[in-house]
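User: I would like to go through this model and ask what stands behind each label. Please keep the answers short.

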Amino acid sequence: MTLVRRLLDQAGRTPGAVALVSGDGAELTYGELRRQVLAVRHGLLSGGLAAGDGVLFSVRPSPESLVLALGVVAAGGVVVFADPGAGPEMFTARLRLARPRWSAAESVLYAGSRLRPVRAYARRRGLLLQNLADLRVPGEGRMRHVYVGRRLPGVPRTALSFARLIRGEAPEPGPDPDPDAPAAVIFTSGTTANPRAVVHTQASLAAALDLFRERLPLGPGDVVHTDQLMLGLPTLIAGARWSMPPLSCPPAGFARLMREREATHTFCVPVHLAEILDECGELPPSVRYVLLGAAPAPAAILRRAVAAAPSAEVLSVYAMTEILPVAIASAEEKLAHAAPGDLLGAPLRGVGARLADDGELLLSGPNLCRGYLGADPLSELPTGDLARMDDGCLVLEGRKKDMLIRGKFNLYPGLYEPSIAALPDVAEAAIVGVPDPRTGDEEVVLAVVGPGDLPARLRRALPDVIDHDALPDRIVVLDGLPRSGRTRKLDRDRLRDLVAP
């Protein structure tokens with residue numbers, strides 16, 4: 001059964017229940033969600049969308065974006081996530097690879113990408129918007145368009161209105177699309193010469209949602225507060241309520257909505273949770289599960305989370321865009337792990353995990369993506385992560401590309417950073433190498449967040465915690481570690497610049 005079919009069936013069983021609460025508090029019932037998805041599906045098919053057509057998707061997280069994305073997939077289309085603000089060269093390279101025939105975007109983005117004063121303002125802010133209205137399919141002419149929001153100058157004259165689509169006819173769907181056909185394309189990295197995009201199918205996404213639900217019990221009456229699609233979708237399939245925070249929601253507002261909506265589950269990037277706890281100190285007593293992901297969870301944040309939600313289970317998920325989730329460990333398990341490395345937990349049901357000769361973690365399973373766009377299908381994913389197995393649990397030892405060379409010793413920062421971050425008064429810790437042009441080795445710099453006297457204390461404590469060959473040449477105290485992107489991932493390149501002598 002496809003992902004969309006399962007959601008439609010659940011919605012059909014509980015049409016009067018509230019499925020989703022938007023950032024401004026508007027409620028959408030399961031029955032209305034089902035009707036809107038089917039109406040969008042029918043409208044797109046009537047407008048010429050063909051099976052396998054890519055739809056460039058530029059709509060921020062919202063009820064509208066959910067309905068539109070599900071409608072595209074229900075019609076047999078492929079949602080293509082390619083940030084239009086990535087820069088002209090990268091954006092063009094991604095379009096050349098994906099070849100989408102449709103574009104779905106907010107009307108303000110069409111206006112901002114076409115009107116000269118708005119484009120100039122955006123450029124001053126560092127955002128190089130593409131002129132979406134003039135996008136073409138190589139060799140096939142202009143794209144078709146769907147816009148969300150009220151019509152503004154710059155929206156193509158022939159563009160379909162999302163508001164009209166959801167008010168249209170909503171006939172019951174025919175046979176489901178092939179569950180193994182592409183459903184989503186997610187650009188993750190690469191260069192202008194070789195952009196990289198992950199291709200997921202309805203089958204791989206459905207398998208991922210099942211794994212989340214197995215470890216994170218969900219059902220009617222539960223309220224999940226998050227803007228993350230991969231936790232929102234299992235919420236809806238389980239018949240629970242998805243509470244969406246508004247766009248750019250400040251930490252205090254995020255916590256307030258959790259209290260007002262009596263959230264039982266939430267998902268946070270670790271740094272975001274720390275910001276929330278800085279504002280409110282504790283989480284509402286209604287919260288039973290706190291899921292942390294998208295970045296490693298330092299021991300200091302895990303301790304704060306446990307203290308802030310003593311009646312909740314705090315969980316940390318290990319996942320990648322290509323395969324999610326892989327393993328989920330509780331905060332108690334991670335904090336009790338005294339050996340080097342970051343405990344990830346046991347691989348979830350059906351996830352295959354083995355180690356290559358060099359220690360790289362290789363993963364497989366029904367939740368593995370189909371592969372990378374334009375490349376052969378994947379049967380096993382080389383993760384780039386170094387790991388080991390301890391009593392059936394995965395322990396992360398670092399990234400292959402982050403390895404530092406010190407004489408004959410290969411130093412993997414991820415093997416030692418969790419142990420350092422677990423020491424008293426260390427809020428965060430990261431190890432980077434600053435190349436030494438004289439020797440070819442790298443100066444090992446430990447950057448920590450904490451009080452100013454930490455370096456002296458760490459000099460005394462570290463020999464008992466990490467290998468002698470991994471001891472830093474220099475310890476630097478920072479107000480915070482540099483991070484980037486929505487997931488607030490550690491930016492090691494910027495960190496190297498910050499700690500360079």
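Analyst: Let us start with one helix. The buried residues of α11 pack against α10, β14 (265-268), β15 (289-292), α12 (299-308), β26 (428-435) and β29. Those buried residues are Pro270, Val271, His272, Leu273, Ala274, Ile276 and Leu277. Right after α11 comes Gly281, with a positive phi near 80 degrees. Bear in mind that this is a predicted model.

User: What makes α10 and α11 roughly perpendicular?

Analyst: The angle decides. Helix α10 (residues 251-260) and helix α11 (residues 270-280) pack at about 80 degrees. The class roughly perpendicular runs from 65 to 115 degrees. The value falls inside that range, so the two helices are roughly perpendicular to each other. Their axes are 8 Å apart.

User: Which residues make that contact?

Analyst: From α10 come Pro251, Ala252, Phe254, Ala255 and Arg259. From α11 come His272, Glu275, Ile276, Glu279 and Cys280. By class, six are nonpolar, one is polar and three are charged.

User: How do you know that Cys280 is not bonded to Cys268?

Analyst: By the sulfur distance. The closest cysteine sulfur to that of Cys280 is in Cys268, 9.8 Å away. A disulfide needs the two sulfur atoms within 2.5 Å. The pair is therefore too far for a bond. The structure holds zero disulfides.

User: What about Cys249: where is its nearest cysteine sulfur?

Analyst: In Cys268, 10 Å away. Cys249 is in no disulfide either.

User: Why is Cys249 called buried, while Cys280 is called partly exposed?

Analyst: The cut-off for buried is under 20% relative accessible area, and exposed starts over 50%. Cys249 has 18%, so Cys249 is buried. Cys280 has 24%, so Cys280 lands in the partly exposed class.

User: What makes α9 a mostly covered helix?

Analyst: The count of buried residues. Helix α9 (residues 229-237) has nine residues, and eight of them are buried. The buried ones are Met230, Leu231, Gly232, Leu233, Pro234, Thr235, Leu236 and Ile237. After α9 comes Gly239, with a positive phi near 80 degrees.

User: Why does Thr235 count as buried?

Analyst: Thr235 has 0% relative accessibility. That is under the 20% cut-off, so Thr235 is buried. Thr235 is found in α9. Leaving out residues up to four places away in sequence, Thr235 touches Tyr30, Leu218, Val224, Ala240, Arg241 and Trp242.

User: Is Asp479 buried or exposed?

Analyst: Exposed. Its relative accessible area is 84%, and the class begins over 50%, so the label follows. Asp479 sits in the loop between β28 (474-478) and β29 (483-484). The C-alpha atoms of Asp479 and Gly450 are 7.4 Å apart, although 29 residues separate the two along the chain.

User: What is notable about the phi of Arg99 and the phi of Glu262?

Analyst: Most residues other than glycine have a negative phi. Arg99 has a positive phi, near 50 degrees. Glu262 has a positive phi too, about 55 degrees, and is not a glycine. Arg99 lies in the loop between α4 (88-98) and β5 (102-106). Glu262 lies in the loop between α10 and β14.

User: Which exposure class does Arg99 get, and which does Glu262 get?

Analyst: Arg99 has 36%, between the 20% and 50% limits, so Arg99 is partly exposed. Glu262 has 55%, over the 50% limit, so Glu262 is exposed.

User: Which residues does a cis peptide bond join?

Analyst: Leu324 and Pro325, with omega about -15 degrees. Most peptide bonds are trans. Pro325 is in the loop between β16 (313-318) and β17 (327-330).

User: Which members of the largest nonpolar core touch the most others?

Analyst: Leu33, Leu44, Leu68 and Val146, out of 79 residues. Helix α3 (residues 63-74) gives the most to this core, with eight residues. A second, separate core has 23 residues, among them Cys268, Ala274, Leu292 and Val314.

Key:
Residues are numbered from 1 along each chain as its sequence is written. This is a predicted model: local features need pLDDT of at least 70, side-chain atom pairs count only at pLDDT 80 or more; totals for chains, interfaces and linings use all residues. Side-chain values use heavy atoms; hydrogens and water are left out. A nonpolar core is a set of buried Ala, Val, Leu, Ile, Met, Phe, Trp, Tyr and Cys residues joined through side-chain atoms within 4.5 Å. Buried means under 20% relative accessible area, exposed over 50%, partly exposed in between (1.4 Å probe, protein chains only). Helices (H or I, at least four residues) and strands (E, at least two) are DSSP runs, numbered from the N terminus. Axes are lines fitted to C-alpha atoms, for helices over the stretch in contact, and angles run from 0 to 180 degrees between N-to-C directions. Angles under 35 degrees count as roughly parallel, over 145 as roughly antiparallel, 65 to 115 as roughly perpendicular and the rest as oblique. Contact means heavy atoms within 4.5 Å. Ala, Val, Leu, Ile, Met, Phe, Trp, Tyr, Cys and Pro count as nonpolar, Asp, Glu, Lys and Arg as charged, and the others, Gly among them, as polar.
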